[in-house]
Structure formats: C-alpha cells, structure tokens
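Please read the following report alongside the sequence and the coordinates. It deals with charged side-chain pairs and with one residue's surroundings.

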Amino acid sequence: MTTASGACLEDRKAPDVKDESIIEISPASSGPPSTMNEVCPSSGTLSSTVTAIGSSSCNSLQEEEHPLPLKRNLRPLRYLRHTFFSLYRRLFTLVFAANMAAFLGYVVEHHRALSTKAALSSVVTAVSANLMIGILFRQEHVINFLYSICCSFPISTPFFLRRRLAKVYHFGGLHSGCSTASVAWFFLFTGLVTRATVIGEVSGVAVLVITYSLYALLVAILISAHPRFRAMQHDSFEAIHRYAGWSCLGLFWAFVIIFSNVLRKETGYTMAHFLVKNPSFWFLIVISLNIIYPWTRLQKVSVEPEWLSTHATRLHFNYRWTRLPPFAAIRITDTPLKDWHAFATITEPTNNRFSMIVSNAGDWTKRQIEKQPTSIWVRGAPIYGVLKAVALFRKVVVVASGSGIGPCLALFVDSNVPTRVVWSTRTPKQTYGQGIIDAVHKADRNAMIIDTTTDGRPDMVAISYRLYKESGAEAVFVISNPKLTRKIVYGMESRGVPAYGPVFDS
C-alpha cells in the first residue's frame, strides 16, 4: 500500500537512495572536517578529478560570509511544523479523518440497522472505493499526471505557490490514507457480517470465511507497510505487499460475487443486473486493470553493462522508450515474480539511449554488479521523481550522497535550470569513474565533490546553506539516504529555506 522515493525505488516507489556509501556519510558527527583538499569553489579552481570544499581558507571564508543562522521558532513548534505535521502526514490525516467522520456518522445514523444486507453493502462500497483510490495514487500515469500539472506552472507564478507545488512528491499520503481507511471500514464490515451471520440475517459459511481471510491479509499488508518494518525487512515487505495483495484481489472478486448473489435474491434481479448496479463491482474492475496494466508491459531487454567499481555499475539500455520523460525511473529485475527495483534513468541525447547507475545497496544490487548482466526485465511505464519539480525554480542547489548522484545526472542532462552541486561520497573517482565526475563538473564547473574517505564527514546542513546563499538559489533538493535527507531538509526548512527530499513515501 505504501512505497518510497530516491535513486533506487523498490516496487512502485518514488526514487530511494540506499547504499553503503550513502550510509557511510550520514553525518553522525557534525562540524567541519579536520583535513580537506584546499580548493575553494568560489575561486573557479578545478581539479582534474575531484573538487572539494576546503577546510581552512575556503571553509572559514564561507562561514564568515554565510554563517548558519539559528533555527526559527521554539523546538517543539519546529518539530510539529516540519516533522510531525509534514505534508505527507497532513494529507494522510485529511483523508483518514474524512473517512472516520463518515464512518462514525454512518454508525450513528444506521446503528439500529447495521446488520441488514443493505447496510453491509454500503460498507463494502466504502472499502472498495478507498482501495481503488489508494491504488490509483500508485499508478504510473496518475503519478506522472500529478507531476505534470504541479510542475507546469511558469516561473512568473508567485514564489509561495511554487514552493508548495514542488512538494507534489508527498502524494503518498493520499495513497496510505485511503489504504488505511479501507482496512478500518473492513474492520467494521467484519464485525457486522459476523453479527449478521449469528442472528441469521446472512447465511452461508463462504461469506464469513472469505471475510476473515481478507481482513487478515489486509492487516498483514498494513503492518508490513509501516516505515520501520520496511526499513528492517524490506524483502518481506515486498513479498507481503505483492502476494497478499494479489490474494486480496482474488478473494475480493469471490466475495463480491458470492455476497451479491446473497443480496440479489431479495431484489429479484438477475446476477448480471445486480452486479452492474453494484458500485463495488466497477471499483474492482478499475483496481484489477491498474494491477494488471504494468504486467502487460513486461519485457526482457538487452543492456550493456559498464563496470565502474566493485561498488557500482552503469547499465546502458539498447532501446528507448517512446518519449521517455526526463527525471523518470523504471523498474527492473532479473526475476519477474520476485523483487523489483526502480532506478532513475539518465538520457543519452547523442545516441538516443538511456542508462542508470546501480550501486551496492543489498544482495540484489550486489549480484548485478558482480555478474554484469547483458539483459534485464522491465515492466510498467517510466515514473517521474522529485527532481521534476526543479523546473519550478530559477536556480537550485542539489545535494547528493553516494549513488544519489545517479538521479541528479538526469537533471544535468535534461534541465536548463542553473544548478549548484554538492556531492559527498566515498572515493568518487574509484567508485563511480571519471566520467561521472566530468558530468557533474559539466553541470556545475565549481561543483563541491567531497571524498569522505580522505576528508571525513562534513556538516552537510552548513554546506548546503552556504551554497544556497552564495549562489542565490531558490531551493535545495536532496537525494540521499533517509537519515541524511531528513537532517538536511529539516535543517533548511527550519531556517526558512525551501528544501525537498523524498524519504520512503515522504
């Protein structure tokens, strides 16, 4: 029911960046590093391999010119505004609260007739409607439509509106809100159908067995979708989400047909006539089509692997999607019925192809780096990521760590928005190659590339703020691991700087 965002997305995620190098640089300790390459970006001096921000002269100069200001408001207020009441949670709360208001209103209004067949049918409609809307907010074309609408506003649009439109990637709150509400409605239905069966209002063991089976599966999906469970047991989350979801769909179809057959006997309608008049029937058709659709685009394609290091590889695709949009990700796997992973694509205008960077983020990615595949499975349509929102600003700062530079490369190729870049990673040249470093410098000749192996772990919040002020940018975009993304986005927003960075569903 829920999914994530960054360089590597798991099934139906917005781009997620999780790899060893990124985790390595998470700023467990802040403050300027003790030793760094003394190359000041503002001087225009470029290294043939890595341009890093310096420690003494360059770093102190930036501190004097653009010191990190104090955070605004009291700490409890900052926590409520930027963490507890994030846009994702506000959207979730809005949807869930509206459902619970309808839930309570329905119970109060129909408390004396809750176990009637008509009342049961209305609750089933609420369940299926929420499931349909939740699934639609994970459908590729719906997501791309949301991005296209929100990111199509011109630069002349007032800034307060543009900075809010750029948070479109928080749409996951609508998905999880509707999905959670559907489980709450089904909890009500389970209790009502149990009572109706006991008092003889509804007969038939099949309805009861299917109801309890569906409820158990829905609860399992809901629990496994919790961010903490997903972070600790991601493979289990994927398996439960996929196979329990498919099982729910089959059981729901069986349930609607059997339950409709029970209800129609009182109306005198034929089965076909009753189904056509049943909203849940049409909602299930939409749900089924949206689940089946990505699999109709399943295909095995050829790829050309480019060895970067034992930590990363670059896959070049030998075909091009019709009108492959910029800043989009595609899902790939070597086992179609098992785990799927989504990676941001990098267009290659010179040869009309595209590529992606796969870095070591676990067993699956490690296996791809080791075996250097020449073919891979893809499915579904390309899906936009957070960097699509860069078009809403005149100038931006992009902060990446580790393989988070992958999605950013697409920005460097396809965007005309002036961009300043900060990339913090372990041994950049040895891990990702001189070609990636050159691409970063092509986008920003004074890019800050920090080698955490030799330069230590810098204060990325302070660096991001200094560059934001120095460059006159309008926003900061962060593509990193969840911990560092939260730290930088919170550090910026609590000081009044527009900052964007997806974490899981965000």
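Which side chain meets that of Glu470 in a salt bridge? In this predicted model, the partner is Arg420, and the two side chains meet at 3.4 Å, taken from N to O.

## The pair Glu470 and Arg420

The salt bridge between Glu470 and Arg420 links distant parts of the chain, since Glu470 belongs to helix α19 while Arg420 lies in strand β10 (residues 419-425), and the two are 50 residues apart. Their exposure can be described separately: Glu470 has a relative accessibility of 27% and therefore counts as partly exposed, whereas Arg420, with a relative accessible area of 11%, is buried. The assignment of Arg420 follows because buried means under 20% relative accessible area.

## The pair Arg331 and Glu140

The structure holds nine salt bridges, and one of them joins the side chains of Arg331 and Glu140 at 2.4 Å, N to O. This pair, too, links distant parts of the chain, with Arg331 placed in strand β4 (residues 328-333) and Glu140 in helix α6 (residues 140-150), 191 residues apart.

Are the partners in this salt bridge buried or exposed? Arg331 has a relative accessible area of 4% and is therefore buried, and Glu140, at 1% relative accessibility, counts as buried as well.

## Glu474, Arg162 and a network

A further salt bridge brings together the side chains of Glu474 and Arg162, at 3.0 Å from N to O. Glu474 sits in the loop between α19 (460-471) and β12 (475-479), while Arg162 is part of helix α7 (residues 159-165), so that the pair, 312 residues apart, connects distant parts of the chain. Both Glu474 and Arg162 are buried.

Which residues are linked with this pair in a network of salt bridges? The network consists of Arg162, Arg394 and Glu474.

## The surroundings of Ser224

Apart from the charged pairs, the position of Ser224 can be described in some detail. Ser224 is placed in helix α9, which covers residues 205-224, and with a relative accessible area of 1% Ser224 is buried. That value leads to the term used here because the cut-off for buried is under 20% relative accessible area.

What does Ser224 contact once its neighbours within four places in sequence are left aside? Under that restriction, Ser224 is in contact with Phe229, Arg230, Phe237 and Ile240.

Key
Residues numbered from 1 in each chain as written. Predicted model: local features only at pLDDT ≥ 70, side-chain atom pairs only at ≥ 80, totals over all residues. Heavy atoms only, no water. Helix = DSSP H or I, 4+ residues; strand = E, 2+ residues; numbered from the N terminus. Buried < 20%, exposed > 50% of the residue type's maximum accessible area, 1.4 Å probe, protein only. Contact = heavy atoms within 4.5 Å. Salt bridge = Lys/Arg side-chain N within 4 Å of Asp/Glu carboxyl O.
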